[in-house]
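Reader: I would like to see how each label on this structure is earned. Could you take me through it?

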Amino acid sequence: QVQLVESGGGLVQAGSSLRLSCAASGLTFSSHGMGWFRQAPGKERDFVASIGWSGGTWYANSVKGRFTISRDNAKNTVYLQMNGLKPEDTAVYFCAAGSISDRPRDYDYWGQGTQVTVSS
C-alpha cells in the first residue's frame with residue numbers, strides 16, 4: 001500500500017521559512033516524479049513544484065526563487081524548502097507521486113496534506 005506522509009507545516013510570520021517533508025513508502029520512490037501542490041480554502045489545488053527521478057526541477061512562477069524542491073532517494077523523502085513566506089502562501093500543502101507534471105491528474109498517489117499558515 002502506497003503511503004505519502006507530509007510533515008513540517010505550521011503557523012509562521014511573513015518572511016519566515018519552513019521546510020516540508022514527505023516520506024513515501026510502498027512504491028519505487030526513485031522511479032517516480034514527485035510534486036508539491038497547495039490548496040487554499042475555496043480554491044483549486046495548484047501546482048507548486050515538481051522534481052524528476054534524476055533531480056530536474058520545475059516551479060510555479062509564484063514561488064520561483066523562494067521555494068526549493070529536493071529529494072533524497074535513499075530516504076524515500078521529498079522536501080520543499082520555503083523561504084520568504086507570504087500570507088498568500090497560506091494553504092494546505094500536498095505531496096504527490098506520479099508523472100512529472102503541473103497537473104494534479106497526472107499524479108497517482110497523494111498525501112493527506114499539511115497546513116501552512118502565514119500571518120502578516
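Reader: Happy to start with the basics. What pattern does the chain follow, read along the sequence?

Author: Good place to begin, with the note that this is a predicted model. Along the sequence the pattern reads β-β-β-β-β-β-β-β-β-β-β. The chain has 11 strands and zero helices.

Reader: What makes the radius of gyration agree with that of a compact globule?

Author: The rule is 2.2 Å times the number of residues to the power 0.38. With 120 residues it gives a value near 14 Å, and the chain has 13 Å, so the two agree. For the outline, the C-alpha atoms fill a box of roughly 40 × 25 × 25 Å along the principal axes.

Reader: How much of the chain is buried, and how much of the accessible surface belongs to carbon and sulfur atoms?

Author: Buried residues account for 43% of the 120 residues. The accessible surface comes to about 6,100 Å², and 46% of that belongs to carbon and sulfur atoms.

Reader: What share of the contacts between residues at least 6 apart in sequence join residues at least 24 apart?

Author: That share is 56%.

Reader: And how far apart are the mean positions of the positive and negative charges?

Author: They are 4 Å apart, taken over 11 positive and 9 negative charges.

Reader: Why is the pair C22 and C95 called a disulfide?

Author: The cut-off is a pair of cysteine sulfur atoms within 2.5 Å. From C22 to C95 the S to S distance is 1.9 Å, so the pair meets the cut-off and is called a disulfide. It links distant parts of the chain: C22 belongs to strand β3 (residues 18-25) and C95 to strand β9 (residues 91-98), 73 residues apart. By this rule the count is one disulfide.

Reader: Are those two cysteines buried or exposed?

Author: Buried means under 20% relative accessible area. C22 has 0%, so C22 is buried. C95 is also at 0% relative accessibility, and therefore counts as buried.

Reader: Let us move to a loop. Why is N73 called partly exposed?

Author: Partly exposed covers what falls between buried, under 20%, and exposed, over 50%. N73 has a relative accessible area of 31%, so N73 is partly exposed. This residue is in the loop between β7 (67-72) and β8 (77-82).

Reader: Which residues does N73 touch, leaving out those up to four places away in sequence?

Author: N73 touches F29, S30 and W53 on that count. Between N73 and S30 there are 5.5 Å in space, C-alpha to C-alpha, though they are 43 residues apart in sequence.

Reader: What is the phi of N76?

Author: Phi of N76 is near 55°, a positive value in a residue other than glycine. N76 lies in the loop between β7 and β8. With 25% relative accessibility, N76 counts as partly exposed.

Reader: How do you know whether H32 is buried or exposed?

Author: Set the value against the cut-off for buried, which is under 20%. H32 is at 16% relative accessibility, so H32 counts as buried. Its place is the loop between β3 and β4 (33-39).

Reader: What does H32 touch, again not counting residues up to four places away in sequence?

Author: H32 touches L27, W53, R71, A97, G98 and Y109. One of these, G98, is 66 residues from H32 in sequence, yet their C-alpha atoms are 5.5 Å apart in space.

How values were computed. Residues are numbered from 1 along each chain as its sequence is written. This is a predicted model: local features need pLDDT of at least 70, side-chain atom pairs count only at pLDDT 80 or more; totals for chains, interfaces and linings use all residues. Side-chain values use heavy atoms; hydrogens and water are left out. Helices (H or I, at least four residues) and strands (E, at least two) are DSSP runs, numbered from the N terminus. Buried means under 20% relative accessible area, exposed over 50%, partly exposed in between (1.4 Å probe, protein chains only). Contact means heavy atoms within 4.5 Å. Accessible areas come from the Shrake-Rupley method with a 1.4 Å probe; for residues, only the protein chains shown count as cover. Lys and Arg count as positive and Asp and Glu as negative; His and the chain ends are not counted. The place of a charge is taken as NZ of Lys, CZ of Arg, CG of Asp or CD of Glu.
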